[in-house]
Amino acid sequence: MSKRHIYLEDVPLDEARAKLQAALLAAGRLGPLPGESVLLDRALGRVTAAPVRAKLSSPHYHCAAMDGYAVAAADTRDARETQAISLRLGREAQAVNTGDPLPENTDAVIMIEHVNQTDDGRLLIYASVAPWQHVRLMGEDMVTTETVLQVNHQLRPVDLGALAGCGHATVMVRRKPRVAIIPTGGELVPPDRRPERGQLIEFNSLILGAQIREAGGEATTSEIVGDSLAGLRSALQEALDAAPDLILVLSGSSAGSHDFTAGAIEELGDLLVHGIAVRPGHPVIMGMIGTTPIIGVPGYPVSAALTGELLIAPLIRAWQGLSPAEPATVEAVSTRKIVSPIGDDDFLRVALAEIDGRLRATPLQRGAGVITSLVQADGLAHIPRFHEGVDRGEAMRVSLYRSLSQIKSTIMVMGSHDPMLDLLATHLRLFSAARRIVSVNLGSIGGLIALRRGEAHLAGSHLFDPATASYNLSFIRKYLPNEPCQLVTFAQREQGLILPPGNPRGISEISDIRGLRYVNRQRGAGTRVLFDHLLDQHGIASHEITGYAHEEYTHLGVAAAVADGIGDCGMGLRSAAEAMGLDFLGLTWERFDLVIPRRALETTSLQALLTVLRSADFKRELGAQSGYRSDETGQVVEA
């Protein structure tokens, strides 16, 4: 078996970049790429490889700037409002349209609405015109040999028009950097194949390829290479034969027994870096084979995407003569305490919303394999090396993935998880394209606490109080005693036990779960509060439930655990059970409410959301979902 490669170094990000730049400089590969000529209709977004000078003046003749009559200005000198002069049409005045060349011996244009024409073909003029009035002079826009665009300029639509206008049909632009992507891993299958157990869909090449194209490069992806040093060597050699500007090896960059990238680079060239002090993305590899740079990209998608943002896209842009992209940044207050490894540059994706006039940043799941954190992120926060983290309420800089106007139209929902909030989000986007819902699952009590802290616009809650046999009101009084709120019903939902297909244990009531492996919801979740109430009703203590401490944060998470055999049952929604092809034992119907602080209620975003919530189309579609009733949807719950 090939030897396992541990991290050779754990270098700071800037030092790793400097090592790669030094190697590229030594190989003569650091500067911008040479140019190639392309047609203007293919040049949008490309970067000029040389200054572009006008071949033709624009306009290249004196031309009329108005519809009217071309005249010699001197012939109109005596015209007065009270004393018209007359000019012979066709001799002393020539009819012209906008853009027509000025006839010989004329130097001005009289607007058509400022003259009268007589029956005998003469023009009566009541005001004089100055020389070159209403005339576009030759070269007014661009003059032959004038520099129209500078080198290293990224072409915009208006630039293409300017180039055509000064005589160009083609333009010399930087050649697109060519990147060869080699995905590796015996467990990976392409997206067009359904994975079996133990297999994963390979999609990092799609993410990185799109990042490369977005930065202006071209990407080609090879077949997936299995866990073999010989196979990887062969794939690298095949890629090198095509003379790319950069090779990316996906996965195999860590220190496991199947991680061969570092060894392959060492055999074929020079290993520069193995391990960068960045989270996520620690096991990045950099090397050179001949004059071709190689980057080993971590296999986890969040790490791979961050490697693309921090290292690959800037290199693609540099080869085109462009500086690194600089996204807009904002200052946002963290809604959570964030602990960071003190020796690493820590990058975390956050959801953003404007609440009470301040931007709030809520960290998304930090697992390097959580692809949804990439999709849901509004921005990227950077906690530099030698900082231990950020306290809740502390401001931090966030680089934006979305426009600030989009973020300011975001409705932040925290609290209990309900899959149909996504349906509401869809209807809201159809109603108002500028508005969107971001949902963070904290559990019902967590949502109320988030409202108290000013971290959300509204919270989803379904907390049952056995003492009053009511939902949410007593908990609002407890957790939001000084916050006037309105309680609006979202839906009635069916809760019950999620069971394996066919209910092999024959469970018919809550007491039947003794001795089974239970999958619970997290502390503070309304479903857990309801489950505890049902246990009390049946005289069952929580310590009698095997797996009571096993916590999932969503109904679908519970269903997935049961489907995978991790647990024998769990409490959740009928819709979650059916989504995973599982059995369901209905136990009760409950009311799921939206808790909205009155200070947020009058905002245009919340008014739009309530309009959609109460619409007939939304209520009809919500009520058609299995395990939901919408007859009370949109109603205000009176205290």
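These legends go with several close-up views of a predicted model.

**View 1. A phenylalanine cluster built from ring pairs.** Phe490, Phe592 and Phe618 are joined by ring pairs into a cluster. The whole model has five aromatic pairs. One of them is phenylalanine 490 with phenylalanine 592, an edge-to-face arrangement with 5.7 Å between centres and 70 degrees between the planes. This pair links distant parts of the chain, with phenylalanine 490 coming from strand β34 (residues 485-499), phenylalanine 592 from strand β38 (residues 583-597), and 102 residues separating the two. Both of these phenylalanines, 490 and 592, are buried.

**View 2. Phenylalanine 490 again, now with phenylalanine 618.** Here the two rings form a tilted pair, 6.1 Å centre to centre with 50 degrees between the planes. Phenylalanine 490 sits in strand β34 and phenylalanine 618 in helix α17 (residues 616-623), so this contact ties together parts that are 128 residues apart in sequence. Buried or exposed, what is phenylalanine 618? Its relative accessibility is 0%, so phenylalanine 618 counts as buried. Phenylalanine 490 is buried too, with a relative accessible area of 0%.

**View 3. An arginine over a tryptophan face.** Arginine 629 lies over the face of tryptophan 589. The distance to look for is 4.0 Å, taken from the ring centre.

**View 4. A salt bridge between two loops: arginine 336 and glutamate 455**. The structure holds 28 salt bridges, and in this one the side chains meet at 3.0 Å, N to O. Arginine 336 is in the loop between β22 (329-334) and β23 (338-339), while glutamate 455 is in the loop between α10 (444-452) and β31 (458-461), so the bridge ties together parts 119 residues apart in sequence. How do the two partners compare in burial? Arginine 336 has 21% relative accessibility and so counts as partly exposed. Glutamate 455, with a relative accessible area of 3%, is buried.

**View 5. Aspartate 356 meets arginine 599.** Their side chains form a salt bridge with an N to O distance of 3.0 Å. Aspartate 356 comes from the loop between β24 (345-355) and β25 (358-363), and arginine 599 from helix α15 (residues 598-601), so the pair ties together parts that are 243 residues apart in sequence. Arginine 599 is partly exposed, with a relative accessible area of 35%.

**View 6. Aspartate 378 and arginine 402 in a salt bridge**. The N to O distance between these side chains is 2.6 Å. Again the pair links distant parts of the chain: aspartate 378 belongs to the loop between α7 (372-376) and β26 (379-383), arginine 402 to the loop between β28 (395-400) and α8 (404-408), and they are 24 residues apart. Aspartate 378, at 0% relative accessibility, counts as buried. Its partner, arginine 402, is partly exposed, with a relative accessible area of 24%.

**View 7. A salt-bridge network.** The residues to pick out are Arg29, Arg175 and Asp245, which are linked in a network of salt bridges.

**View 8. A buried glycine in a loop.** Glycine 275 lies in the loop between β18 (270-274) and β19 (278-279). Its relative accessible area is 0%, so glycine 275 is buried. How many residues separate glycine 275 and leucine 13 in sequence? They are 262 residues apart along the chain, and 9.7 Å apart in space, C-alpha to C-alpha.

Terms used:
Residues numbered from 1 in each chain as written. Predicted model: local features only at pLDDT ≥ 70, side-chain atom pairs only at ≥ 80, totals over all residues. Heavy atoms only, no water. Helix = DSSP H or I, 4+ residues; strand = E, 2+ residues; numbered from the N terminus. Buried < 20%, exposed > 50% of the residue type's maximum accessible area, 1.4 Å probe, protein only. Phe/Tyr/Trp six-rings, centres within 6.5 Å; stacked < 30°, edge-to-face > 60°. Lys NZ or Arg CZ within 6 Å of the ring centre and 35° of its normal. Salt bridge = Lys/Arg side-chain N within 4 Å of Asp/Glu carboxyl O.
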